[in-house]
Amino acid sequence: MFENALLTTELDVLVLLLVASLAAIALKKINFPYTVGLVVIGVGLGVLASQVEGFAFLQSIRLSHDLILFIFVPPLIFESALNLDARLLWRNIVPVLTLAGPGLLVSTGIVGGLLGWLTPLTYPQAFLFGSLISATDPVAVIALFKELGVPKQLNILVEGESLFNDATAIVVFEIILGIVELGDFEPSAAITEGAIAFVTAFAGGLLLGAIVGIVADLIIRQVLESPIVVASLSAVVAYSSFILAEEVVGVSGVITVVSAGLVLGWFKDNRLAPETRNLVDEFWEYIAFIANSLIFLLVGLKAGQFESLQSMSSDLALLPVLGIALGSILFSRAVVVFGFGVFLNLLPKIDISLKFQTISYWGGLRGAVCLALALSLSPEFPNRELIVTLTLGIAVFTLLIPGTTIGKLIQAFKLDRPSYFEVVNRLLGQIITQQNIIKKLPLLNNVKNMTPDVITAADKEAKAALAKALRDLTEIDLENIPNTDSTQQMVWLHALAIEQKQYRRLYDLGVSSTDTLDVCSLWVDMKQDQVLQGQIPPTVSPQSLVETGLGALLARLGSRTLDVEYEFCAVVRRVTAAVDEMLMALIQDINMGQAAIAKTLEDYANLEQLAAKRIDEILAENPEVGAGFNKRIAERAVVLFERETLEELEEAGVIVESTLKSLIET
């Protein structure tokens, strides 16, 4: 259409983004998986591009190895790692790494053996195909998980396996490809060299990613006042870490991006101001939307344009090969998931239910990385077209069949239903919210021209919502509470959620330092782990945490040990007061679990007394510590109030934006 290649590419991207945006609206209305729908639409566009002259411009963008790995993969992996629950990942790291490592190797062996025996592919070519096709890409499934609200453990198992087995697949693929190209296979040497290459790529990627993340952290600290710059730097980290790993250092780019994303994810959650965190989250949500939309549309386009697939109906010899490949993939996936599942469940503290295993099996879709590896083969590689065709056919099949039916499977297993604790905590949150609304509505009487009937109507609506939540909570109590311990556990989890948010709030207000927030967050995480394991009340005391958990921090701070400990205890006292207030509000209106709430209140009162006692001891030892803490709070408050005032003046038009920035910087 246009002679300018850049303009044609720009038009392609704009058209695809328009299609993706319209598809997002339409697919949501018909309740159809977004990414799967994009593949179907892409296939249609591919057919039009190859058959109708007016759509021929869509053929200018073609999927390639470099386009997938260097443009689409880094942001998708980084976004997942950035928002991954690192604590939950660590808790499930054994099954995740087992499926991503040994599981992928077993799948490679099964697929390679079957295809080398039953298809025109030689055994080396078949094992090469097995390595690339064994990497899962459950983007569509993860999106569905978030929509349906499946258990977090299932989400982390599927997403974690995908993040790590991408790296395993790439390394194994490169090792086998090297052996195939050399044409000289000596088993013991190949296994030794492959093991060394794998460990180097994996461990090197973890180390390099951590270094990149830490360096980025140091740079971002200098621009915390500029959320857009922070978001832009995070994008630089995502792409540069992958390029640095693959092209300079020679380690796994995928693992490097995962490692850097986990480091910056921690930094985002514990260092950034709320508005900056929100902007970074929205930025990466948008980037992921763009990358997912384009890559799934392009997969569909390639399927619609690919000559081998278009002629499949006439080439009857290709259909049995594709069927054998599909069968081998499904069989190998079953062996890996269910076979390793039995083994993993024998280990202590690991329990992967049969339902989780089934969802993990059926949700093992194939996508971007598989295609990138297949397309990286040189045109002269024997049977390259067959390998690419099989890869594309399997990717489209898994997206269209398991991708469209796994939602029904999740619903059949009732995994889309929130757990008892999630339901109760949601209702408790609604109760607290409505109570707070009712309490604050009288303030509207001071608003000029506010009529009493509006306030009365709002009060009536809030009270009705409160009554419904209380009624629902009582019904859940009567039907579902198995024993008193479950109630106690639920109350503690709710209290700890309040506690975690209060520590964040005090940090955002400038009351506590970054180091104190880190320790308090770790403390709550440790208590949550104990409660989930049935240890009620949790036994991690603030005193022991400060004395033992802060080892490196206290060593670094030296003489400021008492200052840090005082601030920690002071923050704990404030937070326990907030937890007490919210739990007391519950006990006044709820007939369910009053004994459990009262016991939790007693435990928090004991905690407050411990913190108060330690504060008194510190003040007796060094009275200046308390004065220093109050001075620091006052200084932080002044900075916070100054910033809020300047921002209000800028919003009101009293000062211009450039003045606001200069005043904040000074």
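A residue counts as buried here when its relative accessible area is under 20%. Keep that in mind as you explore these close-ups of a predicted model.

**View 1. Helix 5, a short helix wrapped by its neighbours, spans residues 93-100.** Of its 8 residues, 6 are buried, so helix 5 is largely enclosed by the rest of the structure. Look for Ile93, Pro95, Val96, Thr98, Leu99 and Ala100, which are the buried ones. Their cover includes helix 4 (86-91) and helix 6 (102-118), along with helix 9 (152-182) and helix 15 (318-344).

**View 2. Helix 3 (residues 65-82) meets helix 12 (residues 253-271).** The two axes come within 7 Å and cross at roughly 40°. Because of that angle, helix 3 lies oblique to helix 12. The crossing of these two helices is right-handed.

**View 3. Here are the residues where helix 3 and helix 12 touch.** From helix 3, the contact is made by Pro74, Ile77, Phe78, Ala81 and Leu82. Helix 12 brings Val254, Val257, Val258, Ala260, Gly261, Leu262, Leu264, Gly265 and Lys268. Sorted by character, the residues of this contact are 11 nonpolar, 2 polar and 1 charged.

**View 4. Helix 12 on its own is mostly covered.** Of the 19 residues in helix 12, 15 are buried. From its first C-alpha to its last, helix 12 reaches 26 Å, which is close to the 27 Å expected at 1.5 Å a residue.

Key: Residues are numbered from 1 along each chain as its sequence is written. This is a predicted model: local features need pLDDT of at least 70, side-chain atom pairs count only at pLDDT 80 or more; totals for chains, interfaces and linings use all residues. Side-chain values use heavy atoms; hydrogens and water are left out. Axes are lines fitted to C-alpha atoms, for helices over the stretch in contact, and angles run from 0 to 180 degrees between N-to-C directions. Helices (H or I, at least four residues) and strands (E, at least two) are DSSP runs, numbered from the N terminus. Angles under 35 degrees count as roughly parallel, over 145 as roughly antiparallel, 65 to 115 as roughly perpendicular and the rest as oblique. A crossing is left-handed if the near helix is turned anticlockwise from the far one by less than a right angle, and right-handed if clockwise. Contact means heavy atoms within 4.5 Å. Ala, Val, Leu, Ile, Met, Phe, Trp, Tyr, Cys and Pro count as nonpolar, Asp, Glu, Lys and Arg as charged, and the others, Gly among them, as polar. The expected span of a helix is 1.5 Å times one less than its number of residues. Buried means under 20% relative accessible area, exposed over 50%, partly exposed in between (1.4 Å probe, protein chains only).
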